[in-house]
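Here is a short tour of one protein model, written for someone opening a structure for the first time. Keep the 3D view open as you read, and find each part as it comes up.

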Amino acid sequence: MALASATGPHQLVVQTSFLGDTVLTTPLIAELAKRGPVDVVVTPASAPLLARNPDIRELFVYDKRGADAGLRGFRQLAQKLRAPDATVGAPQAVAYLAQRSVRSGALALAAGYTQRIGFEGSAGQTLYTRRVPYREDRHHAERLWRLAFAESDAPAPTPTSMRPKLFPGDAERVAVDALLGAAPDPRPLIALAPGSVWATKRWPYYAQLAKVLAPRFRIAIVGGLADSPEAASIAHFSGAQGVVDGTASLSLLASAELIGRAILMVTNDSAPQHLASAMGTKTITIFGPTVEEFGFGPLAPHSISLGLDTLACRPCHHHGPPHCPLGHWRCMRELGVDAVAIAVDEVLRAC
């Protein structure tokens, strides 16, 4: 992993939330790397996403629910993260708490970071030395990026500074080459990401959409191992030839590489959307119980979001409940295949 500049403050970013949050933290990391070395704490699931990121000096994995669970694991990690002693002339030790938990703030305090910066209203805000307003009206990538600045001196964000970045390497490119196969396919590639941790955020018509798109486009299905049955169902129902199933064989960065080769991706409000933002792939994001206004919409140019804005019950949950609170799940059931297929054509025509 390439080293950031060896001068400047000693900087630590703690981000132990979901995969998408880790991707959206990369603009903050890039901004901080302009000032000096940046170390980052992430979960085991998210760590592969930051491989080869040139803005990170050292990556620390915090398995807070596994090997590092409990007080002993907490103390051991705090010791590994130990900031330089605050002697005269020593660089400042600054921690940026991208996750708003008490544990993140306590970890930075235990590791000796004299400056701890996080969001107002966080559960751990009493442990912070500076609190940054949590702007509900901004994209989460921008909210995180603003941790790097005092509110009075934050520059105007640009699309470039807000775009997350991932860095697939040779291994990921080889894996995707093997998956796509040697035989040329003249159809442009469209990626579908049907999965989500939250059941109510899974649009139910990906197989039907694949059937509509298959005559003109080659279909790639992106997701984790848990999405493999859905991928098989999509391939079988659609009857599409040459379907690329990346759910069982690709790593996170290889999935990003595959998304980067697609001309467009259709996805739920889930992690693949943020992979597409990082790879610059046009995205159609389907929102059901959540809404784009929460700050987690697509960032790649020419991307759009779809949702039934006329439903009074939307949004019903910040992440997505396990079951529809009203029992009808209209936010997803009533957003039909035709509407999404039309959006595909509109996005591609706009480019």
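## Starting with one residue: F74

Let's begin with a single side chain. F74 sits in helix 3. Keep in mind that this is a predicted model, and that goes for everything below.

Is F74 buried or exposed? The cut-off for buried is under 20% relative accessible area. F74 comes in at 15% relative accessibility, so F74 counts as buried.

Who does F74 touch? If you skip its neighbours within four places in sequence, F74 is in contact with Y62, D68, R103, A106, L107 and A110. Take A110 from that list: F74 and A110 are 36 residues apart along the chain, and their C-alpha atoms are separated by 9.0 Å.

## Helix 4 and what covers it

Now have a look at helix 4, which spans residues 102-110. Its buried residues are S104, G105, L107 and A108. Why do they end up on the same side of helix 4? Because they cover an arc of only 160° around the axis.

So what is sitting over that buried side? The cover includes strand 1 (10-14), strand 2 (38-42), helix 3 (70-80), strand 4 (93-97) and strand 5 (115-119). Just after helix 4 you can spot G112, which takes a positive phi of about 90°.

## A cavity lined partly by helix 4

How many cavities of 30 Å³ or more turn up in a search of the whole structure? The answer is one. The largest cavity holds about 40 Å³ of space.

Its lining is made of V14, T16, Y62, K64, Q99, S101, R103, S104 and L107. Helix 4 gives the most to this lining, with three residues. Sorted by class, the lining of the largest cavity has three nonpolar, four polar and two charged residues. You have met some of these names already: Y62, R103 and L107 are among the contacts of F74.

## Strand 2, covered on both faces

Strand 2 was one of the elements covering helix 4. Strand 2 is largely enclosed by the rest of the structure, because five of its five residues are buried. Both of its faces are covered, with V38, V40 and V42 on one side and D39 and V41 on the other.

Part of the picture comes from its partners. Strand 1 and strand 2 run parallel and are joined by four bridges, with V13 standing opposite V40. Strand 2 is also joined to strand 3 (residues 58-61) by four bridges, again running parallel. In that pairing, V41 stands opposite F60 in strand 3.

## A six-stranded open sheet

Move further along the chain and you'll find another set of strands. Six strands form an open sheet with parallel pairing, in the order 9-8-7-10-11-12. Which strands are at the edges? They are strand 9 (244-245) and strand 12 (304-306), and each of them pairs on one side only.

For a look inside the sheet, try strand 7 (residues 189-193) and strand 10 (residues 264-268), which pair in the parallel sense over four bridges. A191 has M265 in strand 10 as its bridge partner.

## Helix 9: one side in, one side out

Helix 9 covers residues 228-238, and its buried residues are S228, A231, I234 and S238. Their arc around the axis is only 120°, which puts them on the same side of helix 9. On the other side, P229 and H236 are exposed.

The buried residues of helix 9 are covered by elements including helix 8 (206-213), strand 8 (218-221) and strand 9. Just after the helix, G239 takes a positive phi of about 70°.

## The largest pocket

Last stop: the largest pocket, with a volume of about 1200 Å³. Its lining counts 49 residues, and F18, L19, G20, D21 and W198 lie nearest its centre. The elements that give two or more residues to this lining are helix 1 (19-24), helix 10 (252-261) and helix 11 (271-279).

Which helix gives the most to the lining of the largest pocket? That's helix 11, with four residues. By class, the pocket lining has 21 nonpolar, 21 polar and seven charged residues.

Key
Residues are numbered from 1 along each chain as its sequence is written. This is a predicted model: local features need pLDDT of at least 70, side-chain atom pairs count only at pLDDT 80 or more; totals for chains, interfaces and linings use all residues. Side-chain values use heavy atoms; hydrogens and water are left out. Buried means under 20% relative accessible area, exposed over 50%, partly exposed in between (1.4 Å probe, protein chains only). The arc is that of the directions from the helix axis to the C-beta atoms. Contact means heavy atoms within 4.5 Å. On a 1 Å grid over the protein atoms alone, a cavity is a set of points where a 1.4 Å probe fits but cannot get out, and a pocket is an open set with protein on both sides within 12 Å along at least five of seven lines; lining residues have an atom within 4 Å of a point. Grid points are joined across faces, edges and corners, and a volume is the space filled by probe spheres set on the points. Ala, Val, Leu, Ile, Met, Phe, Trp, Tyr, Cys and Pro count as nonpolar, Asp, Glu, Lys and Arg as charged, and the others, Gly among them, as polar. Two strands pair if DSSP finds at least two bridges between them.
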